[in-house]
Amino acid sequence: MNAVIIGSSAAGLACLDTLLRFSPELNATIISEEAYAPYCRCLLTYYLGGMLKEQQMVIRDTTSYPANTNFLFGERVDRIDTQKKYVILTSGPEISYNKLLIATGSNAVKPKYYDEEKKTFTLRYMDDAKKIEPHIRNKAIVLGGGFVGIKAAFGLMERNIGVTVVISSGYPLSMIVDEKTGWFIEKDLRDMGIDIRTGEDVAGIKTKNEVLRVSLSSGFELDSDAIIVGKGVKPRVELAKQAGIKTDMGIMVNEFMETSAEGIYAAGDCCETMDIARKRFWVNAIWPVAVEQGYYAALNMLGMKAPYHGGIGMNSMKTRAFHLITAGVLKGGEGVSLFEKYMPSTNQFRKLAVRDNVPVGMAFYNNPEEAGVIINLIKKGTSLTVDPAKIVNNEVSMMDILKPL
Amino acid sequence: MKVVVVRPERCVGCLQCRFACSVVHSESKSPFTAPYESILSKPRIHIGVTTGKEPFPNKCRHCNPAPCEMACITKAIFRDESTGIVLINPDRCINCGMCAMACPFGVIRYHVYVDRRTSAHKCDQCFARQKEGKIPACVEVCKVGALVFEDYNKMMDKATDQLAFLVYLGIREKEHGKGSYPTLIAYKNILQEIKRR
């Protein structure tokens, strides 16, 4: 069987590993437009902060794979012929496939003032990080208070660079957490020495002697060496759309990860799967979900018919001052009741969102040990056996939840 | 593949497994010098207490596929192919906290144990000891049989046998009434026999 994988990040590599684990004699081709050995995208902010070197980011050793695995790095797929089952590369060659996985991932959203000439960059690929690095000397601005933005700000701060985070909404991580959790993050980030400006946007950028002069919407002006934009990601669906595969926000897949075209599967940031907490189709562009989808796609490519029941958005952010773990939906909706408790002595905060006695969202601030148990309940859709108010008050032990399972 | 099976109903909460675990993972491997080492060895098995004050030993299950392995962004968590044990490479770990988020049993902690850097810390099922042909330290010291090192399928077979016999006794008692040979003694004898297998 010829298996072709487009994209060599989380989903692509997880798929390749699973394929080889269950059928080692398979001919696999993995195509990536980046000319680097497989690396982890989430580590780019650490690379920027000088905490990791380039070779430490490599997550797979391509030489350890069997001879019938083909790695094509630095190649782009031009189009997919779904009738004759061919993948056509921009450089010319045609590769035939029996099973194809589209794991093209997502691209960073580029705002209207995005201009590399004016030292405004997004941070999504290794090339981006390499472009940003020489420009940064002592001051930087990060636009967007998402995970990429805050992690980039934290990384730069570790290098003793003055960072200002400009957030258009009222508090950091506004897409993931609610206002109250946002306050704690904002306070701790400020205590660490990161300047945060909420409710503002960039009005204009001027260049003067290699230094950027950025004016904000409130009229405030800032000097900076470079601007890093972290305004979210957008699924890359152009390739699939061109081939006539059904797309919506991302590529539409059924529960067996198969797209509308036969023999073509999709996984990772580019595809739209069931979100258990939201109970609707959603794009969860995070690493663990992509790996999981790649795993299930591989099982189904081998004809095992393993249904993927969906994932949830979850994230963990650890800095020197705090460790935040969030999952699911936290902002109240229909029939969602919220429970929360702040413990000032330990600077811990717990929040739990429950719908019909089934947890749908959580945010644990500074107590990571027990977060996984609740996330598992959200994922499985299991109803709680104990009072949720007692969980946030730390009155019940997690063992009460674990023991009956 | 042999795994450590936890039987929480037998645990009395003596914490000897925790003590043995930290000693075995210390530099000197001696209970007398381990507390004075510069990097204090931490136990990798956790005894939680429920609200009913019942102890519950909680340790890494070495799941397959492992959610922590899937969530690890640096590939610091990997599976040893020959034994199936999920291990952490502390040199690659960047302390991002993803594994604690993914672990459905809440067994991953963050401690300084190598190079004065904080990294993820969990049970390695005494990988080094198993290579020497020994059984995991927590199982060795467990006095009440709450931790058993056994082939998982064999363990399940035994449990099935026990359950089947219990059901059989119930049916027999219902049909014939209480016989001259008390059911409880019969049950105990059979359990003994199953244990000997």
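**View 1. Strands β25 and β26 of chain A run antiparallel and are joined by seven bridges.** In this predicted model, strand β25 of chain A covers residues 348-355, and its partner, strand β26 of chain A, covers residues 358-365. One pairing that can be picked out in this view is that of Val354(A), whose bridge partner in β26(A) is Pro359(A).

**View 2. An open sheet of five strands in chain A has the order β22-β23-β26-β25-β24.** The pairing in this sheet is antiparallel, and the strands β25(A) and β26(A) of the previous view are found side by side within this order. At the edges stand β22 and β24 (336-343) of chain A, and because each has a single partner strand, one side of each is left without a neighbour in the sheet. From one strand to the next, the twist of this sheet averages 10°.

**View 3. Helix α8(A) lies across three strands, namely β22, β23 and β26 of chain A.** With respect to β26(A), the helix α8(A) runs at about 155°. The strands that α8(A) crosses belong to the five-stranded open sheet shown in the previous view.

**View 4. Chain A and chain B touch through a contact that takes 31 residues from chain A and 26 residues from chain B.** On the side of chain A that touches chain B, at least two residues each are supplied by α7 (287-301), β22 (314-318), β23 (323-328), α8 (371-380) and α10 (398-402). Sorted by class, this side of chain A has 20 nonpolar residues, together with five polar and six charged ones.

**View 5. A second open sheet of chain A consists of three strands in the order β13-β14-β15.** The strands of this sheet pair in antiparallel fashion. Since β13 (202-208) and β15 (221-224) of chain A stand at the edges and each has a single partner strand, one side of each is left without a neighbour in the sheet. The twist from one strand to the next averages 25° here.

**View 6. Strand β13(A) and strand β14 of chain A are joined by six bridges.** The two strands run antiparallel, with β14 of chain A made up of residues 211-216. Within this pair, Ile205(A) can be found opposite Val214(A), which belongs to β14(A).

**View 7. Chain A is divided into three domains, given here by their residue ranges.** Domain 1 is assembled from the segments 2-38, 59-107 and 234-301, whereas domain 2 spans 110-229 and domain 3 spans 323-402. Between the C-alpha centres of domain 1 and domain 2 of chain A, the distance is 32 Å.

Technical notes: Residues are numbered from 1 along each chain as its sequence is written. Chains are lettered from A and ligands numbered from 1 in the order in which they are written. This is a predicted model: local features need pLDDT of at least 70, side-chain atom pairs count only at pLDDT 80 or more; totals for chains, interfaces and linings use all residues. Domain bounds come from an automatic or database domain assignment. Two residues are in contact if their C-beta atoms, placed from the backbone, lie within 7 Å. Helices (H or I, at least four residues) and strands (E, at least two) are DSSP runs, numbered from the N terminus. Ala, Val, Leu, Ile, Met, Phe, Trp, Tyr, Cys and Pro count as nonpolar, Asp, Glu, Lys and Arg as charged, and the others, Gly among them, as polar. Two strands pair if DSSP finds at least two bridges between them. Axes are lines fitted to C-alpha atoms, for helices over the stretch in contact, and angles run from 0 to 180 degrees between N-to-C directions.
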